[in-house]
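Student: I would like a close look at one part of this model, the open sheet with parallel pairing. Please then work outwards to the other parts.

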Amino acid sequence: MIGRFREIHRLDQCMRSEEAQLIAVYGRRRVGKTYLINHFFNGRFDFKVTGLFDQSKEVQLHNFITELNAQSQESHPAPTNWRDAFGMLKEYLSVRLKSDEKVVVFFDEMPWMDTQKSGFISAFEWFWNGWGSSQKSLVVIACGSAASWMKRNIDQNKGGLYNRLTARIYLNPFTLKETEQYLDEKGIIWSRYDIVECYMIMGGIPYYLSKLSPELSYTANIDNLFFRKRAELWDEYTFLYDSLFKNSLNHKRIAEALSEKRSGLTREEIKAKIRMPENGALSDMLDDMEYSGLIRINDIYGKRKKVYQLSDYYSMFYYRFLKDQYGKDEHYWTNTIDNPVRRSWAGLTFESVCKDHIEQIKRKLGISGVLSTVSVWSNNADEKNDGAQIDMLIDRRDRVINVCEIKYSIGEYEIDRDNEMKLRKKIDIFRNMTKTKSALQLTMITTYGVLSNKHSSIVANQVTMDDLFTDEPK
């Protein structure tokens, strides 16, 4: 098992509790939720059922009773509704609970069981509130990739399950360090530069990483998995969104709109771009996508407005390279190793990698214990002021702001005279426009560091690619 120390510790706490446990486990699709639960419990469940994608209530009920009959070695009649189904489960578990051992029930992909007007949630509420919550040895795990459904129906339920959850476990993708460890376990020994670029395509999603072959180079692996005809991961995009959201068309439109402006869009800009009507639906969809790990919400320094940014690496890669490339060149990634479009993509996507490793950056800067906020900032050019954009700001309680400039390069980044003047001007514009009284420190975040020369003294702090690979505290 790579990583997952906090999650395993939390599950262990639940198993040692003397009270009934209702545990929600959620996270992005393919992030390893089922693997974590199966690994922790060693596949030993008193009852386990997995919801079926895009199937009717009748099919879900048939699947449920088939699993119950197989695992109980009894012959329950087919239920016609969920309340009857949970009644049968209650009878079966009552016998198991007579021993002193914990009884574990695992509902995998629970959101898929809740088909339209199925009555699933009300039946589950009846099962848990009327009986399950009083069974001290009972542990029920509700797991699902549709994080927005999990949030509304389990985690933040306003009805019968309100405040009933005993533990919530959100599974994040692997960090760069965990990705490196995972690849080592598979016998894949790549440079950290290649690992970072692979991360910019797959993120730290274990399922995607599991498809990589130790027999192929990094570029050959990407060609094999994404660009050859009928490649394994080429059409992942459609299933990813359809499995997360019941009506995914508008979610895809939002993702596409955000892919066209990597610095992000405000809510008003998104609404205008996809022509959404004036109602609360857009806010709900943005919340759903943020909760599902597909988008990031960035604070704008000095303003109340937020900027929404596409943060799912697969989605970013899909819109930039896969959507219009399928079948055109089965060796596209190998053949475009020095393509300007690819270099531009890498530079922008490296910013996302840095934002996903902000804790590692703070540790390198020695400010882990300092209260701070992370934001972005930009200023459009007009008659009075020049335009400027800052990749990332770390505003610290000690009245220091790290002005982060993020650069992705194949060697040490060289600051020449023109670069130095641009950086000084950018910082000056930021100070004048925001009227900040904090000390400003230029922080360069690069792959291999900044080349030391007579212009590099402008840099107060440096963070390199290797610093992003440091272990998180356990």
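Tutor: The model is predicted, and the place to begin is a single pair of residues: K48 stands opposite F106 in β3. Strand β3 covers residues 103-108 and is joined to β2 by four bridges, the two strands running parallel. In general, the strands of a sheet pair through backbone hydrogen bonds, in either a parallel or an antiparallel sense.

These two strands belong to an open sheet of five strands, in the order β2-β3-β4-β1-β5, with parallel pairing. At its edges stand β2 (47-50) and β5 (167-171); each has a single partner strand, so one side of each is left without a neighbour in the sheet. On average, neighbouring strands here are turned by 15° against each other, direction ignored. Lying across β2, β3 and β4 (138-144) is helix α4, residues 82-96. The direction of α4 is at about 150° to β3.

There is also an open sheet of seven strands, ordered β7-β6-β8-β9-β10-β11-β12, and its pairing is mixed. Its edge strands are β7 (306-310) and β12, each of which pairs on one side only. Neighbouring strands of this sheet are turned by 35° against each other on average, again with direction ignored. Within the sheet, β9 (residues 388-396) and β10 (residues 400-407) pair in the antiparallel sense over four bridges, and D395 stands opposite I401 in β10. Helix α17 (residues 340-355) packs on this sheet, where it touches β6 (295-300), β7, β8 (372-379), β9, β10 and β11. Its direction makes about 140° with that of β10.

The strands β11 (439-446) and β12 (461-464) are linked by a loop, and S456 is placed in that loop. With a relative accessibility of 13%, S456 counts as buried, because the cut-off for that class is under 20%. The side chain of S456 reaches the backbone oxygen of N453 at 2.9 Å. Leaving aside neighbours within four places in sequence, S456 is in contact with I415, V450 and L451.

Helix α17 also leads to another part of the model, since α17 is among the elements that cover the buried residues of α7, as are α8 and α9 (206-210). Helix α7 spans residues 176-185 and is mostly covered, with seven of its ten residues buried. Those buried in α7 are L176, K177, E178, T179, E180, Y182 and L183. Just after α7, G187 takes a positive phi of about 80°.

Helix α8 (residues 192-202), one of the elements covering α7, packs in turn with helix α15 (residues 313-322). The axes of α8 and α15 are 5 Å apart, at an angle of about 85°. That value makes α8 roughly perpendicular to α15, because angles of 65 to 115 degrees fall in that class. On the α8 side the contact involves Y199, M200, I201 and M202, which meet Y313, Y314 and F317 in α15. By residue class, this contact divides into seven nonpolar, no polar and no charged.

To return to the starting point, K48 and F106 face each other across the parallel pairing of β2 with β3, and β2 is an edge strand of the five-stranded sheet.

Terms used
Residues are numbered from 1 along each chain as its sequence is written. This is a predicted model: local features need pLDDT of at least 70, side-chain atom pairs count only at pLDDT 80 or more; totals for chains, interfaces and linings use all residues. Side-chain values use heavy atoms; hydrogens and water are left out. Axes are lines fitted to C-alpha atoms, for helices over the stretch in contact, and angles run from 0 to 180 degrees between N-to-C directions. Angles under 35 degrees count as roughly parallel, over 145 as roughly antiparallel, 65 to 115 as roughly perpendicular and the rest as oblique. Contact means heavy atoms within 4.5 Å. Ala, Val, Leu, Ile, Met, Phe, Trp, Tyr, Cys and Pro count as nonpolar, Asp, Glu, Lys and Arg as charged, and the others, Gly among them, as polar. Buried means under 20% relative accessible area, exposed over 50%, partly exposed in between (1.4 Å probe, protein chains only). A polar contact is a pair of N or O atoms within 3.5 Å; within protein, one must be able to donate a hydrogen and the other to accept it, and residues adjacent in sequence count only if both atoms are side-chain atoms. Two strands pair if DSSP finds at least two bridges between them.
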